[in-house]
Amino acid sequence: MTDSRSSAAATALSYLPQSRHLATIIPGPRSSALHRERQEQVTDGFGTVLPVFIDRADGGILQDVDGNRLIDFASGIAVTSIGASNRRVGERVAAQLERFTHTCFMVTEYESFTQVAKWLNEHVPGDFEKRTALFSTGAEAVENAVKIARSATGRSRVLVFDEAYHGRSLMTMAMTAKENPYRLNFGPFPNEIVRAASANPLRPANAPASGAGATAGNNDDGASPAGAGVAAAALASVEATLLEHGPDSFAAMVIEPIQGEGGFVVPAPGFLKGLRSLADKYGIVLVMDEIQAGMGRTGTLFASEYEGVAGDITLTAKALGDGVPLSAVTGRAGLMNAVHAGGLGGTYAGNPLACEAALAVFEAFEDGTLLANAQAIEETVRELLEPLVAETGVVAEFRGRGAMLALEFADRGTLEPRPDLVREVSARCHQQGVLTLSCGTYGNVIRLLPPLVISQELLRDGLQVLRQAIIDVAVGQPAREDTAPSFA
Ligand SMILES: *Cc1c(COP(=O)(O)O)cnc(C)c1O
């Protein structure tokens, strides 16, 4: 097993040694000089997780301008799943570069656009005839799903959920839940967006503030009555929200099958199915935002497959073009064709370079190795990190699927979020050459999004660094036995 996993990484790429290497402190002197220059030229409105400048990237490694080789647990936020310098992507894009870079699909056509649409129509969940529209960014895909749903239903409202993230454009920012940094000072927002409860097993929306969360903690995968209860309570609340506003005023409900920026929240089992039923009952278009969780990230091509639920419309982006900007809206033919001719588009929508990159991504998924890799990544991460829930008093939950995994930091018993620990653990990882990301409403979640082509050796090395950082930081924190009684 180990052999096939590492050879998948080796055949995909590999001009950079797949090992962590520290040549300087992180960030090194060249990165620091470049960062100072950046600060003089680039808006401060862009945050930076780690001010290191990358020279090359390959497999599970980011090599910076000081010669440090960092382990990549980010994939550029779930984008470079098949490697940041995948050979087939490079070949296809280079060949297309020589032919032409752009025509604008609304002006004259090219075949790769159709081929990308065809693959998505065949592979996106849903046993019905489909059509696809291509765009460039995830936010554009979300915006266009709303346009299509409104056009097809003649309704205007859009239902979104707690902890949702859908982008940074005006509409999608308004659909996003978290205020800081996404919405702060950027209003007023578009009307007609209504937010409903999500089904977060650790922090159920309708549960009493303390206690219930703690029972649901250490996620049992929700097979227990507690998990089922979370989904049922959330669904009752969602339906109440629909009824309050008039269900037939809703064009769409938009949900992430695993919430990304909101904290890698895997909805309690049954929640997605329940939303499917509510959408059917009230004639609402169910939009599955698979932009982060889709395209193999969770060990299936689409995360909604785990629940056997198909959206009427499914959105992909991020890993779709392996870093060449491409997004897609794939849905029921009747819905997708309800829009008047000329109503959809965009200058760069489905750019030919990006379509070639996507075709290389589809080829890479053909033999199933990458999906197996995602599952193998989960096994290894689970083995090394899940015990921290029991071993420390501050890791409240290990969750996620495939290569989309997270640890939530919160005090045992009270579930008081601990973003301070996340900052400290992340800083220690970064210093040692392991690039981790955080997320969550409270900024108290460390998330792992390694490329699916990372070798098991590299993965283990990075995880050992992370594990040790957590243990070191957790020392001096109240132990789990001490915490509960003091708040009782
Ligand atoms: C990243 C993301 C988006 C927005 O994609 P952009 O390409 O950044 O516009 C939308 N939905 C989800 C779930 C995402 O993770």
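This passage describes two groups of strands, a set of aromatic rings and two charged side chains in a predicted model.

One sheet is open and holds four strands. Their order is S1-S2-S3-S13, and the pairing is mixed. Strand S1 (54-58) and strand S13 (434-435) form the edges, each pairing on one side only. Helix H16, residues 456-474, packs on this sheet. The helix touches S2, strand S3 (69-72) and S13. The direction of H16 makes about 90° with that of S3. Within the sheet, S1 and strand S2 (residues 61-64) run antiparallel. Four bridges join these two strands. In one of the pairings, Asp 58 has Ile 61 of S2 as its bridge partner.

A parallel pairing occurs between strand S5 (residues 157-161) and S6, again over four bridges. Here Val 158 is matched with Ile 193 in S6. Between S5 and S6 the chain passes through helix H7 (residues 170-175). This β-α-β crossover is right-handed. Side chains alternate along strand S6, which spans residues 193-196. Val 194 and Ala 196 point to one face and are buried. Ile 193 and Arg 195 point to the other face and are not buried.

Aromatic contacts come next. The model contains seven aromatic pairs. Phe 105 and Tyr 110 form one of them, with 5.3 Å centre to centre and 75° between the planes. That geometry is edge-to-face. Tyr 110 also pairs with Phe 113. In this case the ring centres are 6.2 Å apart and the planes lie at 70°. The pair counts as edge-to-face because its angle is over 60 degrees. Ring pairs link Phe 100, Phe 105, Tyr 110 and Phe 113 into a cluster.

Members of this cluster vary in exposure. Phe 105 has a relative accessible area of 22%, so this residue is partly exposed. Tyr 110, at 9%, is buried because its relative accessible area is under 20%. Phe 113 is buried as well, with a value of 10%.

Charged side chains also meet aromatic rings. The charged end of Lys 130 sits over the ring of Phe 128, at 5.4 Å from the ring centre. Arg 401 lies over the face of Tyr 306. For this residue the distance to the ring centre is 4.4 Å.

Technical notes:
Residues numbered from 1 in each chain as written. Predicted model: local features only at pLDDT ≥ 70, side-chain atom pairs only at ≥ 80, totals over all residues. Heavy atoms only, no water. Pairing = 2+ DSSP bridges. Contact = heavy atoms within 4.5 Å. Axes fitted to C-alpha atoms, helices over the stretch in contact; angles between N-to-C directions. Phe/Tyr/Trp six-rings, centres within 6.5 Å; stacked < 30°, edge-to-face > 60°. Buried < 20%, exposed > 50% of the residue type's maximum accessible area, 1.4 Å probe, protein only. Lys NZ or Arg CZ within 6 Å of the ring centre and 35° of its normal. Right-handed = clockwise from strand over helix to strand, strands pointing away.
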